[in-house]
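Open the model in your viewer and set it to cartoon. Keep a selection box ready.

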Amino acid sequence: MKKEKLFANSSYKKLFISSTAASFGDLFDMFAVMTLFTYVWHANSLWITLIPVAYALPSILLSQAAGNLADRYDKVQLMFLSELVRLLFTCLLFFTDEPLLALGVLTLRSMSSVMKVPAQLAYVREVVKEDQLLQASTLQNIMFQIAKVVGPFLGAAALTITTPKACILVNAAACMISISVLFSLKKAGKNIQGQAARSSHQTKETYSNGWKIVFQHSILLRVVILFHLSYFVVMLVDAQISIFLRDVLPHHPEMLGWLLSGIGLGALATGVYLNRKKTGSPSI
């Protein structure tokens, strides 16, 4: 009954559709990029290692600044522009034929995508009731975990009849779906025009205060360091798995998709288990 009430909120329902389409496209695209580097361009391990760096580094460096902008400007407009730029770089990636250029495009695309996450979270807080915020964030996280399973799985299946670059076009199509949904989404109800007049000094002060909070609390600092270290280790291991599969099964690039789907399935199962453990209920 709670889910029906939540999805009766048309603004959240449209945002959910947009984020789901983007998540599936991203995971489809990531599998295609890994396949291109590994099996088509025969890149060495160094190039493969730089792929997760291109995906994650812009988020680490720019997330706080993106959060400040999300507080000051229209959330829907920011999400729309982010998806539009992401579509342009995805199309550019389709025409890229060298690893170095591809890494540059991936980095720029990741920079354009950084803005969407804080804007999306802020918009959810505006359109969803307070007692439904946990449920809304849980549903979006579950769909992302499902995308980690289904995206590479479908990519592997598609690779048996098509090429990795065709899989990149699937992500472009997902971007267009997300853009069309965001275009129909009403702007946030709050009047934030006055907030846009904040000075750059205030923005810099907010940015520095955020880091002060992190460094002043040792537990928080340790959690931040541990999270980023573990994230990079997992991403680097995932990247090097493609090199191993290329050496063992050089003529079966679809195996990379099956393996990535298995990793995503494990993450989904763990998330569901922890959620059940935390809530103590038989269902999510």
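The tour below goes from the whole chain to single residues.

**Whole chain**

Start with everything selected. This is a predicted model. The protein has 11 helices and zero strands. Colour by secondary structure and follow the sequence: the pattern reads α-α-α-α-α-α-α-α-α-α-α. Switch to a surface. The protein exposes about 15600 Å², and carbon and sulfur atoms supply 69% of that area. Of its 284 residues, 42% count as buried. Now think about contacts between residues at least 6 apart in sequence: 84% of them join residues at least 24 apart.

**The largest nonpolar core**

Select V33, F37, I48, I51, L93 and L106 and show sticks. Within the 27 residues of the largest nonpolar core, these six touch the most other members. Which elements give two or more residues to this core? They are helix 2 (10–40), helix 3 (45–72), helix 5 (99–113), helix 7, helix 8 (164–184) and helix 10 (218–248). Helix 2 provides the largest share, eight residues.

Centre on L106. Beyond its neighbours within four places in sequence, L106 contacts V33, A54, Y55 and L93. Then move to the second core. This one is separate, has 24 residues, and includes A66, V114, Y123 and L182.

**From the loop into helix 3**

Select H42. This residue sits in the loop between helix 2 and helix 3. Check its backbone: phi is positive, about 50 degrees, although H42 is not a glycine. Is H42 buried or exposed? H42 counts as exposed, because its relative accessibility of 56% is over the 50% cut-off.

Step on to N44. At the start of helix 3, one of its side-chain oxygens reaches to within 3.1 Å of the backbone nitrogen of L46.

Now select the whole of helix 3. Its 28 residues should span 40 Å at 1.5 Å a residue, and the end C-alpha atoms are 42 Å apart, which agrees. Look along the axis as well: helix 3 bends by about 55 degrees at L62. Colour its buried residues. They are I48, I51, P52, A54, Y55, A56, P58, A66, G67, N68, A70 and R72. As you scan the spacing, recall that an α-helix has 3.6 residues a turn, so residues three or four places apart point the same way.

**Helix 5 and its surroundings**

Select residues 99–113, which form helix 5. This helix has 15 residues and reaches 21 Å from first C-alpha to last, close to the 21 Å expected at 1.5 Å a residue. Its buried residues are P99, A102, L103, V105, L106, R109, S110 and S112. What do they pack against? Their partners are helix 2, helix 3, helix 4 (75–94) and helix 8.

Begin with P99, which lies in helix 5. P99 touches F37, W41 and W47, not counting residues up to four places away in sequence. Draw a distance from P99 to I51. Their C-alpha atoms are separated by 9.6 Å, with these positions 48 residues apart along the chain.

Go along the helix to R109. Is this arginine buried or exposed? R109 is buried, because its relative accessible area of 5% is under the 20% cut-off. Show what surrounds R109: apart from neighbours within four places in sequence, R109 contacts D29, Y55, R86, F89, T90, L93 and N171.

**A stop in helix 4**

Select Q77, in helix 4. Q77 is partly exposed, with a relative accessible area of 37%. Add L182, a member of the second core. The C-alpha atoms of Q77 and L182 are separated by 8.4 Å, yet the two residues are 105 apart along the chain.

**Last stop: helix 7**

Select residues 133–159, which make up helix 7. At 1.5 Å a residue, its 27 residues should span 39 Å; the end C-alpha atoms are 38 Å apart, which agrees. Where is the kink in helix 7 centred? The kink is centred on A147 and amounts to about 30 degrees.

Finish on V150, also placed in helix 7. V150 is partly exposed, with a relative accessible area of 27%. Add L265 and draw the distance. The C-alpha atoms of V150 and L265 are separated by 8.9 Å, and the residues are 115 apart along the chain.

Terms used
Residues are numbered from 1 along each chain as its sequence is written. This is a predicted model: local features need pLDDT of at least 70, side-chain atom pairs count only at pLDDT 80 or more; totals for chains, interfaces and linings use all residues. Side-chain values use heavy atoms; hydrogens and water are left out. Helices (H or I, at least four residues) and strands (E, at least two) are DSSP runs, numbered from the N terminus. Buried means under 20% relative accessible area, exposed over 50%, partly exposed in between (1.4 Å probe, protein chains only). A nonpolar core is a set of buried Ala, Val, Leu, Ile, Met, Phe, Trp, Tyr and Cys residues joined through side-chain atoms within 4.5 Å. Contact means heavy atoms within 4.5 Å. The expected span of a helix is 1.5 Å times one less than its number of residues. The bend at a residue is the angle between axes fitted to the seven residues ending there and the seven starting there. A polar contact is a pair of N or O atoms within 3.5 Å; within protein, one must be able to donate a hydrogen and the other to accept it, and residues adjacent in sequence count only if both atoms are side-chain atoms. Accessible areas come from the Shrake-Rupley method with a 1.4 Å probe; for residues, only the protein chains shown count as cover.
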